[in-house]
Amino acid sequence: MTARTALLSARFAIVSAMTGLLLAGLFALAARASMARAADAAEGGAKVSIDMFAFTPETITVNPGDSVTWSNDDGSPHGVKYGDGAPGNDYMLPGAAYTRRFDAAGTFDYACPIHPYMTGRVVVRGAQ
Ligand SMILES: [Cu+2]
């Protein structure tokens, strides 16, 4: 190995190390940004996850005027159908989400129209 090729390969090693550090830094930033987005979403309203053929939490309690978002985190299609006939969402593909705002106090029972054994409840607190 000549002095020149040794110098070139040393330079290459330094550039590679710097590129690696830069990429690691970018990944760390991206991970932090996506965690911040997840936290923002959680603060934006009540969430019900549909997973493993169940609504989690099964009962969610909110204040009047709050919104509830159902997200289909399962591998199968699901839906939200209310016992009182209020419009829901009959068919949500995996990855889909649906939001309903609850203005009136009361208890709202619902079930998945595709799998009627999947049930859940939204309780909207009364005025205080
Ligand atoms: Cu279902």
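Begin with the five-stranded sheet of this predicted model: select its strands in the order 3-9-8-5-6, and you have an open sheet with mixed pairing. At its edges stand strand 3 (59-62) and strand 6 (89-92), and because each has a single partner strand, one side of each is left without a neighbour in the sheet. If you look along the sheet, neighbouring strands are turned by 20° against each other on average, with direction ignored.

Within this sheet, select strand 5 (residues 78-82) together with strand 8 (residues 106-111), which pair in the antiparallel sense over two bridges. To place the register by eye, label Lys-81, which stands opposite Ala-111 in strand 8.

From strand 8, step back to Ala-105, which is found in the loop between strand 7 (97-102) and strand 8. Is Ala-105 buried or exposed? Ala-105 counts as exposed, because it has 12 C-beta neighbours inside 10 Å, and a residue is called exposed at 12 or fewer. Add Arg-125 to the selection and draw a C-alpha to C-alpha distance: the two residues are 20 residues apart in sequence and 5.4 Å apart in space.

Next, hide the first sheet and select the other one, in which four strands form an open sheet in the order 2-1-4-7, again with mixed pairing. Here strand 2 and strand 7 stand at the edges, each with a single partner strand, so that one side of each is left without a neighbour in the sheet. The average turn between neighbouring strands of this sheet is 20°, direction ignored.

It is worth walking through the pairings of this sheet one at a time. Strand 1 (residues 46-51) and strand 4 (residues 66-72) run parallel and are joined by five bridges, among which you can find Ala-46 with its bridge partner Val-68 in strand 4. On the other pairing of strand 4, six bridges join it to strand 7, and these two strands run antiparallel; label Ser-67 and you will find its bridge partner, Arg-101, in strand 7. Strand 1 is also joined to strand 2 (residues 54-56), in the antiparallel sense, by three bridges, and Asp-51 has Ala-54 as its bridge partner in strand 2.

Now zoom in on the turn that links these last two strands, since strand 1 and strand 2 form a hairpin with two residues between them. What is notable about the backbone of Met-52? Phi of Met-52 is near 50°, a positive value in a residue other than glycine. Met-52, which lies in the loop between strand 1 and strand 2, counts as exposed because it has 11 C-beta neighbours inside 10 Å. In this loop you will also find Phe-53, which has a positive phi of about 55° although it is not a glycine; with 14 other C-beta atoms within 10 Å, Phe-53 is partly exposed.

Continue along the chain to Pro-57, whose place is in the loop between strand 2 and strand 3. Display the backbone here, and the peptide bond that joins Thr-56 and Pro-57 is seen to be cis, with omega of about -5°.

With the backbone features visited, turn to side chains and select the largest nonpolar core, which is made up of twelve residues: Val-48, Ile-50, Phe-55, Ile-60, Val-68, Trp-70, Val-80, Phe-102, Tyr-110, Cys-112, Met-118 and Val-122. The elements that give two or more residues to this core are strand 1 and strand 4. In soluble globular proteins, nonpolar side chains tend to be buried together.

Within the core, centre the view on Val-122 and leave aside its neighbours within four places in sequence: Val-122 is then in contact with Ile-60, Val-62, Val-68, Phe-102 and Phe-108.

For the last stop, select Tyr-98, whose place is in strand 7. How many C-beta neighbours does Tyr-98 have inside 10 Å? There are 16, and Tyr-98 therefore counts as partly exposed. If residues up to four places away in sequence are not counted, Tyr-98 touches Trp-70, Val-80, Asn-89 and Met-92. Finally, draw the C-alpha to C-alpha distance from Tyr-98 to Val-80, a pair that is 18 residues apart in sequence and 8.8 Å apart in space.

Conventions:
Residues are numbered from 1 along each chain as its sequence is written. This is a predicted model: local features need pLDDT of at least 70, side-chain atom pairs count only at pLDDT 80 or more; totals for chains, interfaces and linings use all residues. Two strands pair if DSSP finds at least two bridges between them. Axes are lines fitted to C-alpha atoms, for helices over the stretch in contact, and angles run from 0 to 180 degrees between N-to-C directions. A residue is buried if 20 or more other C-beta atoms lie within 10 Å of its own, exposed if 12 or fewer, and partly exposed in between; C-beta atoms are placed from the backbone. A nonpolar core is a set of buried Ala, Val, Leu, Ile, Met, Phe, Trp, Tyr and Cys residues joined through C-beta atoms within 7 Å. Two residues are in contact if their C-beta atoms, placed from the backbone, lie within 7 Å.
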